[in-house]
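Got your viewer open and a selection tool ready? Load the chain below, and we'll walk through it stop by stop.

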Amino acid sequence: MWAAGMAVLKRGLGFIPTKRLDTFKLRQEQAEFFGKVRLRVFFDNKEETPPKPSLAQLPHETAAFEQAVTHHIDTMWDRSKQPFMNLSRVEEEAIRELNQNTNIFIKPAEKGGAVVILEKEIYYQECWRLLSDHHQYKVLVKNPSKEIQMEIRGWWKRPLIKGGFCKDKPMTPYFYFLLKKYKPTRPPPGHPIVSGIGSVLDSLSQFCDFLMRPLVENSESYLKDTKYVLNLINEFDFDPKMDFLVGLDVQTYPRRRHYG
């Protein structure tokens, strides 16, 4: 079973298994829907709520509606082509076992699209190692989102973008990391990430990005992504005797605090 799970993971975390249609669940949801329709028809404009009525107590239009819906679903099912299943039964069971395994974490690698499986204890150890850098992270005694909201609203008296700069119920940013699989040390170190999507500063960050993007893209040192760099290199006429291609690896980011 483990081998089947590894075979599926080799396809990448972006792989989408074909979903089998559960006919029992379909009929179950269909019955629940019909039950709600019956209740709505029978108890319309009535205050009491006795048990669910039978079709004999309802107008004949209700039974006709149920028969029409059932016939339509059956016809669609008979005419539709069964999807090609891109996983075997063994692989489907392996995915369920991996999903239910609470002793491991499955994450994408930082680069290359590889999939990394880590024991929970090792994952937590690396988290604590990264968060122990007090130059980058600070322990807070309370959630500062409310104070940040008030401060931002004090800067801007009127919202300049749809919905304003502050969300009514912002999400708390969360910390995770992606493994630097290309590093020689084992287990490899993690690249820390603080996801602030939906947080109190999300809207303001998007607005700043909108304002700064034209300036950044027109700067001489602008590099969009790896593909952009490769296209630039292909345009260069290198002299192997005189020119050298040098790469730099950023060991530590500039000191900026992450509050969380």
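Here is a tour from the whole chain down to single side chains.

**Before you click**

This is a predicted model, so keep the filters in mind: local features need pLDDT of at least 70, side-chain atom pairs count only at pLDDT 80 or more, and totals for chains, interfaces and linings use all residues. Residues are numbered from 1 along each chain as its sequence is written, and side-chain values use heavy atoms, with hydrogens and water left out.

**Stop 1: the whole chain**

Start in cartoon view. You have eight helices and six strands; helices (H or I, at least four residues) and strands (E, at least two) are DSSP runs, numbered from the N terminus. Follow the sequence and the order is α-α-α-α-β-β-α-β-α-β-β-α-α-β.

Now switch on the surface. The chain's accessible surface is about 20900 Å², and carbon and sulfur atoms hold 58% of that; areas come from the Shrake-Rupley method with a 1.4 Å probe, and for residues only the protein chains shown count as cover. Of the 260 residues, 20% are buried. Buried here is under 20% relative accessible area, exposed is over 50%, and partly exposed is in between (1.4 Å probe, protein chains only).

What about contacts, meaning heavy atoms within 4.5 Å? Among those between residues at least 6 apart in sequence, 60% join residues at least 24 apart.

**Stop 2: helix H5**

Select residues 120-131. That's H5, with 12 residues and a reach of 16 Å from its first C-alpha to its last, close to the 16 Å expected at 1.5 Å a residue. The expected span is 1.5 Å times one less than the number of residues.

Which residues of H5 are buried? Show Tyr-123, Glu-126, Cys-127 and Leu-130 as sticks and you have them. They sit on the same side of H5, because they cover an arc of only 105 degrees around the axis; the arc is that of the directions from the helix axis to the C-beta atoms. Next, add the strands that these buried residues pack against: E1 (104-108), E2 (115-119), E3 (137-138), E4 (174-179) and E5 (190-195). Then turn to the face of H5 pointing away from the buried side, where you'll find the exposed residues Glu-121 and Trp-128.

Stay with H5 and pick Glu-126 and Arg-129. Their side chains meet in a salt bridge (2.6 Å, N to O), where a salt bridge is a side-chain nitrogen of Lys or Arg within 4 Å of a carboxyl oxygen of Asp or Glu. The two are about one helical turn apart, because they are three residues from each other in H5. Glu-126 is buried, with 12% relative accessible area, whereas Arg-129 is partly exposed at 46%.

**Stop 3: Pro-189**

Jump to the loop between E4 and E5 and select Pro-189. At 21% relative accessibility, Pro-189 counts as partly exposed. What does Pro-189 contact, leaving aside its neighbours within four places in sequence? Glu-126, Arg-129, Leu-178, Leu-179, Lys-180 and Lys-183. So both partners of the H5 salt bridge turn up here again. Try a distance label too: the C-alpha atoms of Pro-189 and Arg-129 are 9.5 Å apart, although 60 residues separate them along the chain.

**Stop 4: helix H6**

Select 145-155 for H6, then pick out its buried residues Ser-145, Gln-149 and Ile-152. Look down the axis of H6: the buried residues fall within an arc of 70 degrees, so they line one face of the helix. Their packing partner is H7. The face turned away from the buried side carries Lys-146 and Met-150, both exposed.

**Stop 5: helix H7**

Move on to residues 202-217, which make up H7 and include Met-212. Met-212 joins Phe-210, Leu-211 and Val-216 in a nonpolar surface patch with about 420 Å² of accessible area together. Patches are made of residues with over 30% relative accessible area and no salt bridge, with like charges joined within 9 Å and nonpolar side chains (Val, Leu, Ile, Met, Phe, Trp, Tyr) within 5 Å.

Still in H7, show Arg-213 and Asp-209, whose side chains form a salt bridge (2.7 Å, N to O). Being four residues apart in H7, Arg-213 and Asp-209 are separated by about one helical turn. Arg-213 is partly exposed at 45%, and Asp-209 is partly exposed at 39%.

**Last stop: helix H4**

How many salt bridges does the structure hold? Seven. For one more, go to Glu-93 and Arg-96, which meet at 3.0 Å, N to O. They lie three residues apart in H4 (residues 89-100), about one helical turn.

Conventions: Contact means heavy atoms within 4.5 Å.
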